[in-house]
Amino acid sequence: MFKEIMKYRDLLFMLTFRDIRIRYKQAAMGFLWAIFMPIVAVAAGMIIKVAMARVAGREVEFLGIVSIAVKVLPWSFFISALRFAVQSLIGNANLVTKIFFPRAVLPLAAILACLFDFSIACVVLVVMLTLAKLGVSVYLFFVPLFIIMLFLLVSGMGLLLAAANLFYRDVKYVVEVILTFGIFFTPVLYEAKIFGKWEILLLLNPVGSILESINAAVVMKQMPDLFWLSYAGIMSVVVFFVGMHVFQKQEYKFAENI
Amino acid sequence: MNNAIEFNHVWKKFKKGEKFNSIRDAVPNLVRSLIQRKPESASLENQEFWALKDVSFHVNPGEVVGVIGPNGAGKSTILKLLSRIMLPNKGGMELNGRVSALIEVTAGFHPELTGRENVYLNGTILGMKRKEIDEKFQEILDFSGLEDFIDTPVKRYSSGMFSRLGFSVAAYVDPDILLVDEVLAVGDIGFQAKCAQKMRELLKSGTTIMLVSHQLALVQSLCKRVVLLHKGEVQKEGTPYEVIPFYENIILQRQEEELRKKLEKGDYKVKVKDETPAELSEVVCLNDQGEKKGSFQVHEPISLEIIYNAKKKVDRPIFTIEIVRGDGVVCCSSESRNDGCVLEQIEGEGKLKVRLGDLMLAPSVYWTRVTIWDKELVHPKRVKKA
């Protein structure tokens, strides 16, 4: 299957390009949205953090705010990538029913397009953090690994759910609900350790453990928790291969059942 | 020697009616399949039907084979199976070489993207490499004749331009096996000629082509061999000179039946408000020997016998006879007055025999329309067919 996708990598690239292009077509601000959106997302996270600190009667910590900014972006990458991936097969129904190519390129292209937006957002974030004088550490070298893990995780889920959604449209509603409320069950706007012994429950969610690892490496400048890091890594790889496998097994039925 | 395409006893079924894609149906189905565990493709379940029944054929490398048949015969299903969009339920197939399908040439287009971007997008969807498109881009552009609009979003294109661009991309894929489904009829006459020319070029370069079309003339001119499909089965296979007339006959027969039904229902009777003074009671076609006949050979002389019933006296009535082809084209028309046949008056029952002779009509389905007019040609009295 990887061979097939490699053979069609030009198609994967073109579809990614298409998804990026059409997102900013005929918008007056065009590409600026890719920069503007993450700023809005980060600002929203900060406001919540400040508000929570006020309510609790504590001082607003600088690192707390920074950690929100650092975690909100991967999270929004995760939800948008999953959302687009789930819709990708149905959204391209005319291609699925009429032309042969490995169908996996459709969800993957949707995810890659979101990855592109995410990398722009990362550049913006890096500029912001440099201005805020956060400083660097060796643990930053871990960050690409976390992003790869997140990518594998969202790809596996995306492939699986896109295929499921093709057969049963119920899936997209379920996904939508989970993504909307997922932010409460994932340590994005708060830290997992404030839950004490329930922390484990939050970290069992691989997105949660990846986000916490990113936070540790970037903001806390310390070694991420190795146990949870490897857990998240294994989960990502497993989910990715399960997603690929199921997708491939169902692929031949797509054209008739869409 | 290996065949380019080999189709071995292929069966394919589809489901009629709406499929409910929801968990509500999925759960019982899952349970049922766990309990019964029967092979999926073995038999028909309710609402299913065979779109292809035991279809076998082969295509040699470099050969052009046409597939014809009425709508719903399974032609497109074959192409979809060949292009691997679907899998057969039973049977196998083998393809040797790079396959490209001109099935829906504009399917890969995105309206928001420009012509240039779409050429690249559609090209890669059809299996080309980006480098390949780089090389062929100018040719594609020249072929499409859309140089001035190539950087305009295709949503602003006219539908003709849209499909022209689509065909141009698809025509340059350079496959070993090309599957064509009714896409040659795009653009104006000039572009259509270009398309047919391109097909001939591909042919010369040794491309194997499988052509599905309703344009029988095109099939005849391009194909060496034709497969006739009917209701999912191969009905006939052979040279175009054997198969196409056979197919045309089937179509004509069906047309005749439909026409007959319609006429029997009286759809073609002219509705006249007033009490008609004269009526046609029967019109029959006869051959030279005076026998009633429904169908005639080409060049066989035809006579008509018209039986009328005039309740009142009609002065100098005019009879008109028209021969109308099934699709509504009037082929012959004759009016008794012009032919120097003047009837002084008619009253009561009467019979009129007209010898039409050899009408020199091409093979098709025809019907006759007979009308009695009064002398000023104001009131048609009655219409009937034979």
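Helices here are DSSP runs of H or I, at least four residues long, numbered from the N terminus. I note that the model is predicted.

**Gly208(A)**

I looked up Gly208(A) first on my list and found that residue in helix H10 of chain A, which covers residues 206-220. I then asked: is Gly208(A) buried or exposed? Gly208(A) has a relative accessible area of 0%, so I entered it as buried, the cut-off being under 20%.

Next I checked what touches Gly208(A). Leaving out neighbours within four places in sequence, I listed contacts with Thr186(A), Pro187(A), Leu202(A) and Leu203(A). I also took one C-alpha to C-alpha distance: Val188(A) lies 20 residues from Gly208(A) in sequence and 7.7 Å from it in space.

**Trp33(A)**

I turned to Trp33(A), which sits in helix H3, residues 32-56 of chain A. Its relative accessibility is 31%. I recorded Trp33(A) as partly exposed because that value falls between the 20% and 50% limits.

Trp33(A) also came up in a nonpolar surface patch of about 670 Å². The other residues I noted in this patch are Met29(A), Leu32(A), Ile35(A), Phe36(A), Met37(A), Ile39(A) and Val40(A).

**Chain B**

For chain B I looked up overall figures. I counted eight helices and 16 strands. The chain has 386 residues, and 45% of them are buried. Its accessible surface comes to about 20,300 Å², with 49% belonging to carbon and sulfur atoms.

Last, I asked what share of the contacts in chain B between residues at least 6 apart in sequence join residues at least 24 apart. I wrote down 72%.

Technical notes: Residues are numbered from 1 along each chain as its sequence is written. Chains are lettered from A and ligands numbered from 1 in the order in which they are written. This is a predicted model: local features need pLDDT of at least 70, side-chain atom pairs count only at pLDDT 80 or more; totals for chains, interfaces and linings use all residues. Side-chain values use heavy atoms; hydrogens and water are left out. Patches are made of residues with over 30% relative accessible area and no salt bridge: like charges are joined within 9 Å, nonpolar side chains (Val, Leu, Ile, Met, Phe, Trp, Tyr) within 5 Å. Accessible areas come from the Shrake-Rupley method with a 1.4 Å probe; for residues, only the protein chains shown count as cover. A salt bridge is a side-chain nitrogen of Lys or Arg within 4 Å of a carboxyl oxygen of Asp or Glu. Helices (H or I, at least four residues) and strands (E, at least two) are DSSP runs, numbered from the N terminus. Buried means under 20% relative accessible area, exposed over 50%, partly exposed in between (1.4 Å probe, protein chains only). Contact means heavy atoms within 4.5 Å.
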